[in-house]
Amino acid sequence: MAEMKILTKFIDDPRSNELEFYESVHGYDGMKKALGLAPDEIIEIVKKSGLRGRGGAGFPTGLKWSFIPKDIPKPKYLICNADEGEPGTFKDRKLIENLPHQIIEGMVIGAKAIGANKGFFYIRGEFNKGIDSMQKAIDEAYAKGYLGKNILGSGFDFDLVLYAGAGAYICGEETALINSLEGRRGHPRLKPPFPAVSGLYRCPTVVNNVETFSTVPHILDKGADWYSKIGTEKSPGTRLFSVSGHVKRPGVYEIELGTPLLELINDLCGGMLDDMPLKAVIPGGSSVPILTAEECKTANMDFESMAAHKTMLGSGAVIVIGEGTDLVETTYRFARFYAHESCGQCTPCREGTHWVRDLLYKIREGEGTSADLDLILSLARNMEGGTTICPLSDACVGAVRPTILKFKHEFEARLKDKADKEEEVSAGTGA
């Protein structure tokens with residue numbers, strides 16, 4: 001199986017981040033077409049393509065853009081969410097560093113579609129190389145007339161500002177990101193109202209992911225029909241997956257949606273490291289439920305197949321786990337991450353993530369009991385399903401509960417009361 005490179009076709013060229021090279025491979029052609037269209041026409045093209053958001057939720061992009069009110073006096077804003085912080089995820093970073101003009105082009109198209117004259121590129125503060133690459137591209141775009149006043153004589157104005165965050169995972173959530181942009185603490189907001197009605201500065205706002213904006217120019221350039229025929233009916237197009245863990249060739253791969261998970265691992269990634277048996281896969285970043293090796297046999301890389309397996313594509317991070325991996329340790333590390341990154345605004349998340357982390361630590365150290373394991377599962381029920389403002393609490397549950405349920409024997413083997421009982425039985429039989 002080969003990759004289907006659309007977004008990443010030129011990503012390995014050493015000049016891919018330069019404006020002159022990007023123009024030479026038909027860069028900004030999609031934007032030029034969009035500038036000659038009415039906003040509703042652009043939205044209809046994106047709707048027809050079936051493009052779904054690539055940040056995690058998979059919400060239809062064109063539909064999201066259509067929610068922006070049209071006839072109101074307030075300004076409208078467009079934001080690119082480049083705060084990639086999900087453990088195991090590194091696909092957006094590659095696009096930012098190597099193909100920044102592709103993102104800018106997608107943002108200009110999105111801005112024209114919703115009538116926004118101001119946009120922000122919110123990037124994770126640790127991405128030093130990406131910050132430099134993106135700012136250089138923004139400067140080049142301004143100099144060439146692709147940003148600023150009266151873009152290419154179209155009468156459309158769009159200014160783009162790069163903003164580096166402070167490295168808070170919670171700011172990957174769109175309303176926490178908006179609060180951060182406003183200079184506030186990065187706390188998620190209650191919804192409704194949704195950002196499309198009341199977002200940045202309480203004005204209509206669209207927030208999309210780096211990969212989503214990178215896809216838009218290709219749709220405008222080649223057409224919605226072309227794009228919708230790639231992938232599956234309900235999950236059209238390609239998607240970037242950052243593959244890590246026990247594979248021979250980890251990296252970022254662009255594949256057609258609907259590709260079998262095991263084809264990605266065995267064909268593109270060269271199979272398992274040291275030919276070890278596959279134990280499990282986390283298919284969409286640390287916050288999504290784990291798949292057993294058996295489940296992986298029937299899992300395809302599209303939204304519907306993952307939903308049928310009670311997990312998600314999430315952030316596109318495929319974490320491959322080989323036999324011999326200590327899943328108690330792995331689960332504890334994920335729980336520790338979510339406890340550290342909780343903003344503390346909601347009680348179930350603030351208290352629950354820390355309790356889960358501490359209980360898993362006890363089990364990890366061989367000091368936990370069966371009651372501790374039951375308590376984790378009980379806490380999980382109170383942490384999910386809309387009990388908090390944002391999904392971070394649910395993310396912690398997704399990283400912990402399915403692993404405990406599917407690999408319960410590994411956790412039980414570390415329990416103190418179980419070990420004591422086995423010791424008593426052993427002593428009683430004279431073994």
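Visitor: Should Phe67 be read as buried, partly exposed or exposed?

Guide: The class follows from the relative accessible area: under 20% is buried, over 50% is exposed and anything in between is partly exposed (1.4 Å probe, protein chains only). Phe67 has a value of 44%, which means that Phe67 is partly exposed. The model is a predicted one, in which local features need pLDDT of at least 70 and side-chain atom pairs count only at pLDDT 80 or more, while totals for chains, interfaces and linings use all residues. Residues are numbered from 1 along each chain as its sequence is written, and side-chain values use heavy atoms, leaving out hydrogens and water.

Visitor: In which loop does Phe67 lie?

Guide: Helices (H or I, at least four residues) and strands (E, at least two) are DSSP runs, numbered from the N terminus. Phe67 belongs to the loop that links α4 (61-66) with β1 (77-82).

Visitor: What is the order of the strands in the open sheet of four?

Guide: Strands pair if DSSP finds at least two bridges between them. Here the order is β3-β2-β1-β4, and the pairing is parallel. At the edges stand β3 (159-164) and β4 (205-209); each has a single partner strand, so one side of each lacks a neighbour in the sheet. On average, neighbouring strands of this sheet are turned by 20° against each other, direction ignored.

Visitor: How many bridges join β2 to β3?

Guide: Six bridges connect β2 (residues 118-123) with β3, and the two run parallel. Gly119, for example, has Leu160 in β3 as its bridge partner.

Visitor: Which strands does helix α6 lie across?

Guide: Two terms help here: contact means heavy atoms within 4.5 Å, and angles, from 0 to 180 degrees, are taken between N-to-C directions of lines fitted to C-alpha atoms, for helices over the stretch in contact. Helix α6 (residues 100-114) lies across β1, β2, β3 and β4, at about 150° to β1. Helix α7 (residues 128-144) also packs on the sheet, where it touches β2 and β3, and its direction makes about 165° with that of β3.

Visitor: What is the order of the five strands in the other open sheet?

Guide: That sheet has the order β6-β5-β9-β7-β8, with mixed pairing. Its edge strands, β6 (251-256) and β8 (291-292), each pair on one side only. Strand β7 (residues 278-282) runs antiparallel to β8 and is joined to β8 by two bridges. Within this pair, Val281 stands opposite Leu291 of β8. Helix α11 (residues 261-268) packs on the sheet and touches β5 (238-245), β6, β7, β8 and β9 (317-322); the direction of α11 makes about 130° with that of β6.

Visitor: Which residue has a phi near 55°, a positive value?

Guide: In general, most residues other than glycine have a negative phi, and most peptide bonds are trans. Asp274 has a positive phi, near 55°, and lies in the loop between α11 and β7. Its relative accessible area of 67% makes Asp274 exposed. Asp275, in the loop between α11 and β7, likewise has a positive phi of about 55° without being a glycine. With 60% relative accessibility, Asp275 counts as exposed.

Visitor: Which peptide bond is cis, with omega near 0°?

Guide: The bond from Lys191 to Pro192 is cis, with that omega near 0°. The bond from Pro192 to Pro193 is cis too, with omega near 5°. Pro192 is placed in the loop between α8 (174-181) and β4, and Pro193 lies in the loop between α8 and β4 as well.
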